[in-house]
Number of protein chains: 2
Amino acid sequence: MRVELITTGNELLIGHTINTNAAWIGEQLFSLGVSLQRHVTAPDGEVLKSVFAESLERSDCVIITGGLGPTSDDLTRDYVAELLGLEMIQDEQAMRSLEAFFAKRNREMPVDNYKQTLCPVGAEIMENHMGTAPGLWFPEVITGKYNCSIVLLPGPPMELKPLFTQEVMPKLKSRLIDSEKTHYQELRFIDVGESDFHQVLDEKFASINNLEVGYCARLAELDLRLLGSQEAIFQAAKLAKTAFASYYLSDTKQSIEALVIECATKAGQTISVAESCTGGLISHRLTNIAGASAVIKQNWVTYCNQAKQDSLGVSATSLDCHGAVSEQVAQEMAMGALTKAGASYGIGVTGIAGPDGGTEDKPVGLAYIGLATKNEDGNIVSSVTKVYSPRNRQSFKQVVSQKALFALYKAII
Amino acid sequence: MRVELITTGNELLIGHTINTNAAWIGEQLFSLGVSLQRHVTAPDGEVLKSVFAESLERSDCVIITGGLGPTSDDLTRDYVAELLGLEMIQDEQAMRSLEAFFAKRNREMPVDNYKQTLCPVGAEIMENHMGTAPGLWFPEVITGKYNCSIVLLPGPPMELKPLFTQEVMPKLKSRLIDSEKTHYQELRFIDVGESDFHQVLDEKFASINNLEVGYCARLAELDLRLLGSQEAIFQAAKLAKTAFASYYLSDTKQSIEALVIECATKAGQTISVAESCTGGLISHRLTNIAGASAVIKQNWVTYCNQAKQDSLGVSATSLDCHGAVSEQVAQEMAMGALTKAGASYGIGVTGIAGPDGGTEDKPVGLAYIGLATKNEDGNIVSSVTKVYSPRNRQSFKQVVSQKALFALYKAII
């Protein structure tokens, strides 16, 4: 199936808005085994008609986003109807939905919005629960010489995503011919690179029939995307999980911090974090998750030595003999967080984020991650991991937080 | 000047990579008074030839990114040379640069990379200091019937951005005809919306000749973009800064956190932050800035009441009588941070991030921001700001952190 995407709007062309919809839609389609053939961004205005016509001629399905609003420059609906020679009629269901939308918000419906209830004859309205612009689906049969289905979607991601997932994906799935039908699975790994996978698994993956492999790499995080028959995916997932067992996180697309909070909540465990070089990022990530307050009672950002001593009880001797960035201090910070907060797990992180402050012995990019908990006898047990990841300041913080959260996750599960 | 952008690479079409280059390039061009006419993303392969030809026919300048690497699917250079009928020759300067690039990293240069020193006759090599793929500039005169300048750039933002700023922008500027030549200024405002500007300033802006106005809105942050004659920009900036004086941040494109750290460093002031609902985000943002360790000694994330009492000395009475989310507790948290860390400024933030935990009196989205410092007599003075911003958890945290940092910035300058 040849699919093209057209995103409309001047704001995308003058750097006002980063186009995140395009990558998201590309990913959704890929999960159906379909690769976008082309993506065009064009400004509002008459030029859209030729942009639409060009894509329709090349495709089996064209997805168009934006230009469905109530204002005078929102003309996507009209241009498509004009290209296809379809009359516009008022849709009763769309009218009722729109009136309900405004009623629910205790607002009177502006006259301009009635435009959004117009629907080209033969097209299907897809109700938008998050905004006023309904989506539209044009089946092939009403597109004449183009013989190409057309999807119109509102631009805001909050409105586009649910419409795409709930309405468009099932329609596309049903249109895929049998040979294209595929299963899809994503596996997330932490702290391992795409090249490691290539080296170890390329040959093995190549020997599996009906399998397509993709990767999405972020800082210290890698998603393996498997596409193919159920059997092929099962085999490939098993290979990957075996070869990179200690890096495997999950197949749920959840972030580490979400998994940490979920597991800790289920187990009735609490966590306390003492951060130096990550400066609050680990705490920020954990508290992004709803329900974090059941797990997190108190965290510290102890940037200076005095704070490490005063708040966490790190010993002056350790600081003097080994320095603030050392295995000993990371360990004492973790133990301090554990005991001072009375938590089930304590994390202590110290390192050199740079750009200044590095030495030959302790270069920028060095960090230690301490983890402390109590064993069955109530005694504190701890471990420290050394990290060396010289990067810019923000990437360094992200990588170290990633490693700390992964260590924590493995300790909790 | 009609400019189009073509970004190449399958990774952009299957959701592997969000295309941030496109918005960035659009913004750069807009600062020259040029709006991108179209942006096309196409997959690697033969199809690129027709995509290139179509854009060349419509444009005065086409910018193409990606496909300049050393591997067999990196064919941008070859396709463009083929379209223009230009022979490829080895460029001595490119060769020396590439050899130096590998020598500096103590690595032998792989044979495949020699491909990257090939240059179509008449094109100009733009040296890439961040990677192995040089950029290429094709002046109009060598593009035959297209009469269109062409820019080839590597895809990675880290390599593309310096090349674009240092090499491409001056070339484009010199090509703008006089009537297009414009000045550009950005002003950043905090905690005010685009619609407020429209309401107050649209008419006034409209009365200024030679002025184009753009906005870029983020959460609790708005960039006003002014384009036009020097005189027009001066007038418009004055109007905006006067009308929204209390929301104005700066014209330097710096983040609030960068300005806070810069001002505090210059003034020899230190800051301590006690966070509840923002969960470490304010601390994270401040410590993203290089040099933060001179300003930040110690921060706290006191999520539970006990921690607020133990670490910050918030009184049990205040917690009992007014609740953790109250003016009193925000104030005491700020004063606690100030005194416990011995800082020049203390910030205390408490609120309800949701989705649960709200009541009728204290709904999700409510927060109090306390700010404490010492006056000339050494007495603590403090103030508290009430915030109500019901949003999803992460947006709420961002908005509250934004307001807290802005309050801090205004106190320090």
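**Exercise 1.** In which sense do β14(A) and strand β14 of chain B pair, and over how many bridges?

*Solution.* Start with the two strands themselves, bearing in mind that the model is a predicted one. Strand β14 of chain B covers residues 298-302, and β14(A) pairs with it in the antiparallel sense over five bridges. Next, look at a single pair within this ladder: A:Thr302 has B:Gln298 in β14(B) as its bridge partner.

**Exercise 2.** Find the operation that superposes chain A on chain B, and state how the two copies are related.

*Solution.* First, a rotation of 180° with 0.0 Å of shift along its axis brings chain A onto chain B, with an RMSD of 0.1 Å. The two copies are therefore related as by a two-fold rotation axis. The same surface serves both copies, since 98% of the contact residues of chain A recur in chain B.

**Exercise 3.** Describe the contact between the chains, and say which element gives the most to the side of chain A.

*Solution.* Begin with the residues: chain A contributes 48 and chain B contributes 47. Among the elements that give two or more residues to the side of chain A are α2 (20-30), β10 (211-218) and α14 (393-412). Of these, α2(A) gives the most, with seven residues. By type, this side divides into 21 nonpolar, 23 polar and four charged residues.

**Exercise 4.** Trace the order of the sheet of chain A that contains β10, and identify its edge strands.

*Solution.* The open sheet of four strands runs β10-β11-β9-β12 with antiparallel pairing, and its edge strands are β10 and β12 (248-250), each pairing on one side only. β10(A) pairs with β11 (residues 221-228) of chain A over eight bridges, and the bridge partner of A:Cys216 in β11(A) is A:Asp223.

Methods: Residues are numbered from 1 along each chain as its sequence is written. Chains are lettered from A and ligands numbered from 1 in the order in which they are written. This is a predicted model: local features need pLDDT of at least 70, side-chain atom pairs count only at pLDDT 80 or more; totals for chains, interfaces and linings use all residues. Copies are superposed by least squares on the C-alpha atoms of residues with pLDDT of at least 70 in both. Two residues are in contact if their C-beta atoms, placed from the backbone, lie within 7 Å. Ala, Val, Leu, Ile, Met, Phe, Trp, Tyr, Cys and Pro count as nonpolar, Asp, Glu, Lys and Arg as charged, and the others, Gly among them, as polar. Two strands pair if DSSP finds at least two bridges between them.
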